[in-house]
Amino acid sequence: MPALPLDFSASSDIVARALIGVTLLIDGVGGRIVETEAYDQGDPASHTFGGPTLRNAAMFGPPGRVYVYRSYGIHWCLNLVCREEGHGAGVLIRAIEPTAGIERMQARRGLEDIRLLCSGPGRVGQALAVDAGFNGMRLDRPPFKLLGAEGAEPAEVHVGPRIGISKAADVPWRFGAAGSRFLSRRF
DNA sequence: AGTATGATTGCCT
DNA sequence: GGCAATCATACTG
């Protein structure tokens with residue numbers, strides 16, 4: 001089976017930073033990751049802060065897999081599990097620069113504007129057709145495909161506080177490709 | 001078994 | 001800028 005272009009056993013902030021520029025595809029649809037956020041157990045903003053539950057079980061599983069959760073009862077958000085098994089760490093995929101399967105993403109989102117297809121975690125979920133069925137799936141097997149940045153690394157990666165959280169809102173665990181027009185928000 | 005709460009988005013003023 | 005939509009999960013009693 002194909003090796004992942006990234007070591008997911010590293011800590012979530014390291015993985016979140018390294019994911020910027022990496023291409024993520026689900027069933028051949030997706031693009032280049034331009035924005036991520038790191039979460040970890042012991043982090044009051046993380047779903048794993050209170051220890052293992054039914055919902056967050058995937059994040060306590062082995063690294064290199066997927067954790068999917070329902071946000072505000074409306075959106076599906078995609079996370080990549082990292083660190084050692086049992087740790088409860090992961091990276092939220094917040095924005096992608098669309099490069100593959102753009103027509104399918106436009107159909108799923110009901111929009112044409114490329115800039116609005118994947119610029120936000122809920123938008124990424126809808127554009128890539130993520131749902132609860134992906135929870136716990138391995139990233140090194142279909143339908144997932146992860147391709148190393150291979151020279152497509154951004155010249156600079158911005159770092160800042162995470163978005164939409166009420167606790168530990170000052171921790172600088174949001175990462176983004178500098179100058180990208182596909183970020184969910186400016187840094 | 002009932003209630004409170006979001007790692008958000010899109011539409012309205 | 002403000003707020004409603006919408007529901008699975010977690011927490012309370």
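Trainee: Is Glu35 buried or exposed in this structure?

Mentor: This is a predicted model, so keep that in mind as we go. To judge a residue, look at its relative accessible area: under 20% counts as buried. Glu35 is buried, with a value of 0%.

Trainee: Which residues does Glu35 pair with through salt bridges?

Mentor: Here's the general idea: side chains of opposite charge can pair when their charged atoms come close. In this model, Glu35 forms a salt bridge with Arg94, and their closest N and O atoms are 2.8 Å apart. Glu35 sits in strand β2 and Arg94 in strand β5, so this pair ties together parts that are 59 residues apart in sequence. Glu35 also meets Arg174 in a salt bridge, again listed at 2.8 Å from N to O. Arg174 belongs to strand β8, so that pair ties together parts 139 residues apart in sequence.

Trainee: And are those arginines buried or exposed?

Mentor: Arg94 is buried, just as Glu35 is. Arg174 is buried too, with a relative accessible area of 4%. Now add Glu37 to your picture: Glu35, Glu37, Arg94 and Arg174 are linked in a network of salt bridges.

Trainee: How many salt bridges does the whole structure have?

Mentor: A search finds 7. One of them joins Asp43 and Arg162, at 2.6 Å from N to O. Asp43 lies in the loop between β2 and β3, and Arg162 in the loop between β7 and β8, so the pair ties together parts 119 residues apart in sequence. Asp43 is buried at 5% relative accessibility, and Arg162 is buried at 5% as well.

Trainee: Let's turn to the DNA. Which residues come nearest to DNA strand B?

Mentor: When you read a DNA contact, ask which part of the DNA is touched and which part of the residue touches it. Of the 21 residues around DNA strand B, the nearest are Tyr69, Asn79, Gly120, Gly122 and Arg123. A polar side-chain atom of Arg123 lies 2.3 Å from a phosphate oxygen of this strand. Ala45 uses a polar backbone atom instead, 3.4 Å from a base nitrogen of DNA strand B. Helix α3 gives the largest share of this surface, 3 residues.

Trainee: Which residues are around DNA strand C?

Mentor: They are Thr53, Leu54, Arg55, Arg70, Tyr72, Gly73 and Ile74. Try the same reading here: a polar backbone atom of Tyr72 is 2.4 Å from a base oxygen of DNA strand C, while one of Arg55 is 3.4 Å from a phosphate oxygen. Of the atoms of DNA strand C within 4 Å of the protein, 63% belong to sugar or phosphate.

Key: Residues are numbered from 1 along each chain as its sequence is written. Chains are lettered from A and ligands numbered from 1 in the order in which they are written. This is a predicted model: local features need pLDDT of at least 70, side-chain atom pairs count only at pLDDT 80 or more; totals for chains, interfaces and linings use all residues. Side-chain values use heavy atoms; hydrogens and water are left out. A residue is near a molecule or strand if one of its heavy atoms lies within 4 Å of it. A polar contact is a pair of N or O atoms within 3.5 Å; within protein, one must be able to donate a hydrogen and the other to accept it, and residues adjacent in sequence count only if both atoms are side-chain atoms. Helices (H or I, at least four residues) and strands (E, at least two) are DSSP runs, numbered from the N terminus. A salt bridge is a side-chain nitrogen of Lys or Arg within 4 Å of a carboxyl oxygen of Asp or Glu. Buried means under 20% relative accessible area, exposed over 50%, partly exposed in between (1.4 Å probe, protein chains only).
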